[in-house]
Amino acid sequence: GYGVPKDIEEALKWYRLAAEQGDAEAQYNLGSRYFEGEGVPQDNKEALKWFRLAAEQGNSDAQCFLGCMYASGQGVPQDYEEAGKWWKLSAEQGNADAQYNLGLMYDIGQGVPQDYKEASKWFRLAAEQGDADAQFNVGLVYAKGQGTPQDYVLAHMWFSLAGSQGVEDAFHNRDVIEKKMSPQQLEKAREMTRNWKPKKML
């Protein structure tokens, strides 16, 4: 807080006290410290323990992290179904990272049945919060008409937004679909891009 020097050891002491008393945010913070090895030795098993305790209490950041650990097999055997379970819980609370990860799972059918409509739904929710990779994928979804009706105007807007955040290939893809658009469609896409604002997380 204000006026308190950043003292990792002191912070860890308080995180641990609060975490042991069941505080989900403290459990998540403690898990993060173990995951990153910040102020403590890096320890995936210890990170997993605290993330799980926080996740089971509904902490969406912990749920997202837990999903990542299962997907990559860090501290646990790799398990895409378990990853999907935790990402869905987190995504339903509005966590953009979890929404994007869940979108990828549905897109390629990993841990869940392949479902382009579900993929497009989760990509869009993350994209609307400003997630650049999700914006790029929503551009692809509209450009191809995969899981949603084809719409070059929306594809153009999402590629423009992703490109403005530095996503490789976004401007290239936008330029490719521009050739298929009328001047009116192009003007509408540019106006939508200018007026776009990210939605706040739940």
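# Notebook: ring pairs, charges and helices

**Entry 1: aromatic pairs.** I searched the whole structure and found eight aromatic pairs. I keep in mind that this is a predicted model.

I looked at phenylalanine 35 and phenylalanine 51 to begin with. Their ring centres lie 6.3 Å apart, and the planes make an angle of 55°. That makes the pair tilted, because the label edge-to-face needs planes over 60 degrees apart. Where do the two rings sit along the chain? Phenylalanine 35 is in helix H2 (residues 24-36), and phenylalanine 51 is in helix H3 (residues 44-56). The pair therefore ties together parts that are 16 residues apart in sequence. I also checked burial: phenylalanine 35 and phenylalanine 51 are both buried.

Next I turned to tyrosine 100 and phenylalanine 123. Their ring centres are 5.7 Å apart and their planes stand at 45°, so I noted this pair as tilted. The pair links distant parts of the chain, 23 residues apart. Tyrosine 100 belongs to helix H6 (residues 96-108), while phenylalanine 123 belongs to helix H7 (residues 116-128).

Is tyrosine 100 buried or exposed? Its relative accessible area is 17%, and buried means under 20%, so tyrosine 100 counts as buried. Phenylalanine 123 is buried too, with a relative accessible area of 1%.

I then asked which residues the ring pairs join into a cluster. They are Tyr28, Phe35, Phe51 and Phe65. Phe35 and Phe51 are the tilted pair I began with.

**Entry 2: a charged patch.** I looked for charge on the surface. Asp23, Glu25, Asp61 and Asp97 form a negative surface patch. I picked glutamate 25 for a closer look. Glutamate 25 is in helix H2, the helix that also holds phenylalanine 35. Its relative accessibility is 43%, so I wrote it down as partly exposed.

**Entry 3: salt bridges.** Side chains of opposite charge can pair when their charged atoms come close. I counted how often that happens here: the structure holds 11 salt bridges.

One of them joins glutamate 46 to lysine 49, with the closest N and O atoms 3.4 Å apart. Both residues lie in helix H3, three residues apart, which is about one turn of the helix. I checked their accessibility as well. Glutamate 46 has a relative accessible area of 21%, just one side of the 20% cut-off for buried, so it counts as partly exposed. Lysine 49 is also partly exposed, at 41%.

Another salt bridge brings together the side chains of glutamate 118 and lysine 121, at 3.8 Å from N to O. How far apart are glutamate 118 and lysine 121 in helix H7? They are three residues apart, so about one helical turn separates them. Lysine 121 is partly exposed, with a relative accessible area of 38%.

I looked up arginine 174 after that. It forms a salt bridge with aspartate 175, and their closest N and O atoms are 3.5 Å apart. Aspartate 175 is partly exposed at 34% relative accessibility. Through shared partners, salt bridges join Arg174, Asp175, Glu178 and Arg190 into one network.

**Entry 4: the whole chain.** I finished with the overall picture. How many helices and strands does the chain have? I found 11 helices and zero strands. From the N terminus on, the elements run α-α-α-α-α-α-α-α-α-α-α. The C-alpha atoms fill a box of roughly 60 × 45 × 25 Å along the principal axes. The chain has 202 residues, and buried residues make up 45% of them.

Key: Residues are numbered from 1 along each chain as its sequence is written. This is a predicted model: local features need pLDDT of at least 70, side-chain atom pairs count only at pLDDT 80 or more; totals for chains, interfaces and linings use all residues. Side-chain values use heavy atoms; hydrogens and water are left out. Rings of Phe, Tyr and Trp (its six-membered ring) pair if their centres lie within 6.5 Å; planes under 30 degrees apart count as stacked, over 60 as edge-to-face and the rest as tilted. Helices (H or I, at least four residues) and strands (E, at least two) are DSSP runs, numbered from the N terminus. Buried means under 20% relative accessible area, exposed over 50%, partly exposed in between (1.4 Å probe, protein chains only). Patches are made of residues with over 30% relative accessible area and no salt bridge: like charges are joined within 9 Å, nonpolar side chains (Val, Leu, Ile, Met, Phe, Trp, Tyr) within 5 Å. Accessible areas come from the Shrake-Rupley method with a 1.4 Å probe; for residues, only the protein chains shown count as cover. A salt bridge is a side-chain nitrogen of Lys or Arg within 4 Å of a carboxyl oxygen of Asp or Glu. Lys and Arg count as positive and Asp and Glu as negative; His and the chain ends are not counted. The place of a charge is taken as NZ of Lys, CZ of Arg, CG of Asp or CD of Glu.
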